[in-house]
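Good morning, colleagues, and thank you for making time for this presentation. Please take a moment with the sequence and the structure before I begin.

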Amino acid sequence: MLTMKQVTKVYRTELVETHALRELDLVVKEGEFVAVTGPSGSGKTTFLNIAGLLEEFTGGDYILDGVNVAGLSDNARSRLRNEKIGFIFQGFNLIPDLNLFDNVDVPLRYRGMPAAERKLRIEDALGMVGLGSRMKHYPAELSGGQQQRAAIARALAGSPRLLLADEPTGNLDSQMARSVMELLEDINDQGSTIIMVTHDPELAARAQRNVHIVDGMVSDLVRRPDSLRVSESAVVAQ
C-alpha cells in the first residue's frame with residue numbers, strides 16, 4: 001500500500017538548514033491500522049503531509065499503491081491524492097455555513113462525480129458514522145464528537161484506499177475519543193488502511209502497529225498481537 005525508502009525532507013533558508021525527516025524507511029501494508037507517535041517536532045506532521053501528497057520530499061522513494069510519486073506533476077499528485085487518500089484533521093475543518101450533507105459533498109464535487117452518485121455516497125457515509133438523521137444539521141448544532149464523525153464521513157465518501165488521521169481525537173473528551181476510535185477500528189475492519197498520528201498512548205495501543213518517530217527517523221516498530229482487539233471486543237460483548 002505505502003512504501004517509503006530513505007525518505008528525507010530538508011527545509012532550507014539562507015541561514016538555516018533543518019532536517020525534518022532523515023532517511024525514513026516505512027512499509028504499511030493494505031488493511032493495516034498504524035499509529036504514529038513521537039515527541040513534538042519529531043517529524044510526524046511532515047511524514048503525514050508527505051504521505052498525503054500535501055508536501056514534496058527532498059530525497060528517497062515513496063511508492064503509494066504501486067505508483068512512484070517522485071517527480072509527479074502537481075496535477076498528477078492532486079489526482080492521485082483525490083482518488084486514493086482521505087484526510088481526518090484534529091480541527092474537523094468543516095465549513096460552518098454548510099450543512100453536513102453539503103460538507104461531505106464538497107470534495108466529491110471537485111472530483112466531478114454525477115449528482116446521483118454523490119447523493120448515494122453522502123447518505124451511505126453519514127449513515128455509517130451514525131449521522132444519517134442529521135445530514136441537514138450545521139456543524140454548530142453538533143457536539144465535538146459528532147463533528148469529528150462528520151469529518152470522517154467526508155473522508156469516507158470518496159472511498160479512499162488510505163485514510164490519514166492527524167490527532168483525530170485531540171479536541172475531544174475521553175469518552176468521545178473512545179467512540180471515534182471505535183469507529184476508526186470498525187472502518188479498518190472493513191478493509192481501509194489507516195495511519196493515525198496521536199499523542200495519546202492509550203489510543204496508540206489500540207492500533208495494530210505503532211511507529212515511533214524521533215528526530216525524523218523511525219526508532220522502533222511495535223506490532224500489536226492480532227488477538228488483542230478480539231479479546232477487547234469479546235469483553236465488550238459480555
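I shall go through the sheet, the helix packed on it, a parallel strand pair, a helix pair, the nonpolar cores and some backbone details. Please keep in mind that this is a predicted model.

Let me begin with the open sheet. Four strands make it up, in the order β2-β1-β4-β5, and their pairing is antiparallel. The edges are formed by β2, residues 17-28, and β5, residues 67-68, each of which pairs on one side only. Strand β1, residues 2-12, is joined to β2 by eight bridges, and the two run antiparallel. Within that pairing, T3 has V27 of β2 standing opposite.

Helix α1, residues 44-51, packs on this sheet and touches β1, β2 and β4, the last of these being residues 59-64. The direction of α1 makes about 120° with that of β1. Is helix α1 enclosed by the rest of the structure or open to the outside? Six of its eight residues are buried, so α1 is largely enclosed by the rest of the structure. The buried residues of α1 are K44, T46, F47, L48, I50 and A51. After α1 comes L53, with a positive phi near 60°.

I turn now to strand β6. Here four of the five residues are buried, so β6 is also largely enclosed by the rest of the structure. Five bridges connect β6 with β7, and these strands run parallel. One pair of bridge partners is F89 and D166, the latter in β7.

Next, a pair of helices. As a reminder, two packed helices are described by the angle between their axes and the distance between the axes. For α3 and α5, the latter being residues 144-156, the angle is about 35° and the axes are 8 Å apart. The crossing of α3 with α5 is right-handed. Which residues of α3 and α5 make the contact? From α3 they are L100, N103, V104 and P107, and from α5 they are A150, A153 and R154. By class, this contact has five nonpolar residues, one polar and one charged.

That brings me to the nonpolar cores. In soluble globular proteins, nonpolar side chains tend to be buried together. The largest nonpolar core in this model has 36 residues, and those with the most contacts inside it are L126, I152, L163, L184, I187 and M196. Two or more residues of this core come from each of β3, α3, α4, α5, β7, α6, β8 and α7. Leaving aside residues up to four places away in sequence, L126 touches L100, F101, V104, L131, G132, M135 and A153. A second core, separate from the largest, has 28 residues, including M4, V7, L64 and I195.

Finally, two loop residues deserve a word. Most residues other than glycine have a negative phi. N93, however, has a positive phi near 60°, and E167 has a positive phi near 45°. N93 lies in the loop between β6, residues 85-89, and α3, residues 100-110. E167 is in the loop between β7, residues 162-166, and α6, residues 174-189. Which of the classes, buried or partly exposed, applies to N93? Its relative accessibility is 45%, so N93 counts as partly exposed. E167, at 10% relative accessibility, counts as buried, because buried means under 20%.

Thank you; I am happy to take questions.

Notes
Residues are numbered from 1 along each chain as its sequence is written. This is a predicted model: local features need pLDDT of at least 70, side-chain atom pairs count only at pLDDT 80 or more; totals for chains, interfaces and linings use all residues. Side-chain values use heavy atoms; hydrogens and water are left out. Two strands pair if DSSP finds at least two bridges between them. Contact means heavy atoms within 4.5 Å. Axes are lines fitted to C-alpha atoms, for helices over the stretch in contact, and angles run from 0 to 180 degrees between N-to-C directions. Buried means under 20% relative accessible area, exposed over 50%, partly exposed in between (1.4 Å probe, protein chains only). A crossing is left-handed if the near helix is turned anticlockwise from the far one by less than a right angle, and right-handed if clockwise. Ala, Val, Leu, Ile, Met, Phe, Trp, Tyr, Cys and Pro count as nonpolar, Asp, Glu, Lys and Arg as charged, and the others, Gly among them, as polar. A nonpolar core is a set of buried Ala, Val, Leu, Ile, Met, Phe, Trp, Tyr and Cys residues joined through side-chain atoms within 4.5 Å.
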